[in-house]
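Biologist: Please take a close look at one part of this model, the packing of its helices, and set it in the context of the whole chain.

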Amino acid sequence: MNNAGSLMPRLMATLCLGLFASAVAFDALQPEKVFTSDLHQSFWYGFQFGFPVLVGGVCLTGTRWAAMVGVMYGTIGMALDIATFVQSMTSGTDSPHFVGLILLTALFNFLLIVIGGRQALTV
């Protein structure tokens, strides 16, 4: 793999780590959650914090399918970010910090889609 080819998987992994850091920040901004069981809590935190790290690790393999995993993850995340942003703007109850984090994660997801798509087409 050439130098340019090895850069895109690292960029995708870095974006996934940015999404992990954003999830930590979102969790700190929101009120404490009450879960019905420890299993639900483990599942939620595993999905919220573990999944971006897992996708970032998969992206580091540099294969075409790994790039597509990043694109799919970014697409779902971008759809959720847009829905959250629209809800936040229409209700007007969220803080500017929360809205800023939504926009930041939307940017990370958009870049994940673009970089992953480019990598999938050039590998």
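**Helix packing**

Modeller: Helices α3 and α4 are roughly antiparallel to each other (angles over 145 degrees count as such, under 35 as roughly parallel, 65 to 115 as roughly perpendicular, and the rest as oblique). This is a predicted model, in which local features need pLDDT of at least 70 and side-chain atom pairs pLDDT 80 or more, while totals for chains, interfaces and linings use all residues. Residues are numbered from 1 along each chain as its sequence is written, and side-chain values use heavy atoms, leaving out hydrogens and water.

Helix α3 covers residues 64–91, and its angle with α4 is about 155 degrees, with the two axes 8 Å apart (axes are lines fitted to C-alpha atoms, for helices over the stretch in contact, and angles between N-to-C directions run from 0 to 180 degrees). The crossing of α3 and α4 is left-handed (the near helix is turned anticlockwise from the far one by less than a right angle; clockwise would be right-handed).

On the other pairing of α3, helix α2 (residues 38–59) packs against α3 at about 150 degrees, and their axes lie 8 Å apart. α2 is therefore roughly antiparallel to α3. The crossing of α2 and α3 is left-handed.

Helix α4 spans residues 96–122 and contains L104. With 34% relative accessibility, L104 counts as partly exposed (buried is under 20% relative accessible area, exposed over 50%, partly exposed in between, with a 1.4 Å probe and protein chains only). L104 joins L107, F110, L111 and V114 in a nonpolar surface patch of about 390 Å². Patch residues have over 30% relative accessible area and no salt bridge, with nonpolar side chains joined within 5 Å and like charges within 9 Å; a salt bridge puts a Lys or Arg side-chain nitrogen within 4 Å of an Asp or Glu carboxyl oxygen. Areas are Shrake-Rupley values with a 1.4 Å probe.

As for the whole chain, it has four helices and zero strands (DSSP runs numbered from the N terminus: H or I of at least four residues for helices, E of at least two for strands). From the N terminus, the order is α-α-α-α. The C-alpha atoms fill a box of roughly 45 × 35 × 15 Å along the principal axes, and 34% of the 123 residues are buried.

Helix α1 takes in residues 3–29, including L7. L7 is partly exposed, at 42% relative accessible area. Between the C-alpha atoms of L7 and S91 the distance is 41 Å, with a sequence separation of 84 residues.
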